[in-house]
Amino acid sequence: MDDTGAGPILILGGRSEIGIELARRLAPEATVVLAARNADRLDEQVAMLQAAGAAAVHTQEFDADDLASHGPLVASVVNAHGPIATAVLAFGILGDQARAETDAAHATAIVHTDYVAQVSMLTHLAAVMRQAGRGSLVVFSSVAGIRVRRANYVYGSAKAGLDGFASGLADALHGSGVGLLIVRPGFVIGRMTQGMAPAPLPSTPQQVAEAAAHALAKGRRTVWIPWALRPTFFVMRLLPQFVWRRMPR
Ligand SMILES: NC(=O)c1ccc[n+]([C@@H]2O[C@H](COP(=O)([O-])OP(=O)(O)OC[C@H]3O[C@@H](n4cnc5c(N)ncnc54)[C@H](OP(=O)(O)O)[C@@H]3O)[C@@H](O)[C@H]2O)c1
């Protein structure tokens, strides 16, 4: 059972830079479950959460692409640690846009992880949280999905789909006691974007996590990081297509 009584914090994609930064902020006195591929190689992340004051840190093998495993994983976390307090869907891949433009298997692999697997996991989590009458979901969208750019349209389309699904799910959960936060970062300087020139208004995993933790505590529905991206993308949506087509990644 849960070591604290408050319900576990489940990080799906337990090696994600942003996910771990958010977990550190939620960890004090909490039970944290890190679900990741190669769960036997999470020592660094476990140590970080213990140092952040977690009451207990558990690891769990998780491959997001294996949709059939989602239901049993959620059930096993609830059985072992009690109703989930917060689930953070931190897994995702950027993929190789150039390759995805001609390699249909790669294009669908990106969409499978970044959209289909998220839809599957969110549906399982929402069902158990709705039954418990409480819980919070954290979804990582991206400005890449707000208006999809030619330069990263495969990843962008998955994020557009995810953002739409999460918005609808948040409305469906209204009044159920379950909250859903959509996090919309811009370019984040970190492992996922290693070697890429930062886009305007970049942020760090720490800044994204700080803003997400704050929005979660306030019960917000969306958070943009940095906040200035919201008005920026309001204007970006109005740009004519011949300009938008040339926008860099
Ligand atoms: N970084 C950015 O610029 C940026 C901007 C906007 C939104 N986001 C979104 O924020 C979220 C977190 O990103 P991040 O920056 O923390 O990236 P990250 O450090 O690269 O973490 C992504 C994690 O997803 C995991 N993952 C990928 N495919 C998986 C699968 N099939 N099963 C299980 N785990 C899988 C990876 O696991 P392994 O360790 O096993 O590879 C990795 O730990 C993602 O949804 C991302 O799209 C990121």
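**Surface patches and aromatic pairs**

Leu238 sits in the loop that runs between helix H8 (229-236) and helix H9 (241-244). The model is a predicted one. In it, Leu238 comes out as exposed, because its relative accessible area of 65% is over the 50% cut-off. Leu238 also has company: together with Phe234 and Val235, it makes up a nonpolar patch on the surface, and the three share about 360 Å² of accessible area.

A patch of another kind turns up elsewhere on the surface, this one with negative charge, where Asp40, Asp43, Glu61, Asp63, Asp65 and Asp66 gather. One of them, Asp65, belongs to the loop between strand E3 (56-61) and helix H3 (70-81). With a relative accessibility of 34%, Asp65 counts as partly exposed.

Then there are the aromatic rings, with a count of 2 aromatic pairs. Phe62 and Phe91 make an edge-to-face pair, with 5.6 Å from centre to centre and 70 degrees between the planes. Phe62 is in the loop between E3 and H3, while Phe91 is in the loop between strand E4 (86-89) and helix H4 (97-100), so this pair ties together parts that lie 29 residues apart in sequence. Both Phe62 and Phe91 are buried.

Phe233 and Trp244 also pair up edge-to-face, at 6.5 Å centre to centre and with 85 degrees between the planes. Here the link goes from helix H8, which holds Phe233, to helix H9, which holds Trp244, with the two positions 11 residues apart in the count along the chain. Phe233 is buried at a relative accessible area of 6%, and Trp244, at 1% relative accessibility, counts as buried too.

Notes
Residues numbered from 1 in each chain as written. Predicted model: local features only at pLDDT ≥ 70, side-chain atom pairs only at ≥ 80, totals over all residues. Heavy atoms only, no water. Patch = residues over 30% accessible without salt bridge, like charges linked within 9 Å, V, L, I, M, F, W, Y side chains within 5 Å. Areas by Shrake-Rupley, 256 points an atom, 1.4 Å probe, with all protein chains shown as cover. Salt bridge = Lys/Arg side-chain N within 4 Å of Asp/Glu carboxyl O. Helix = DSSP H or I, 4+ residues; strand = E, 2+ residues; numbered from the N terminus. Buried < 20%, exposed > 50% of the residue type's maximum accessible area, 1.4 Å probe, protein only. Lys, Arg positive; Asp, Glu negative; His and termini not counted. Charge placed at Lys NZ, Arg CZ, Asp CG, Glu CD. Phe/Tyr/Trp six-rings, centres within 6.5 Å; stacked < 30°, edge-to-face > 60°.
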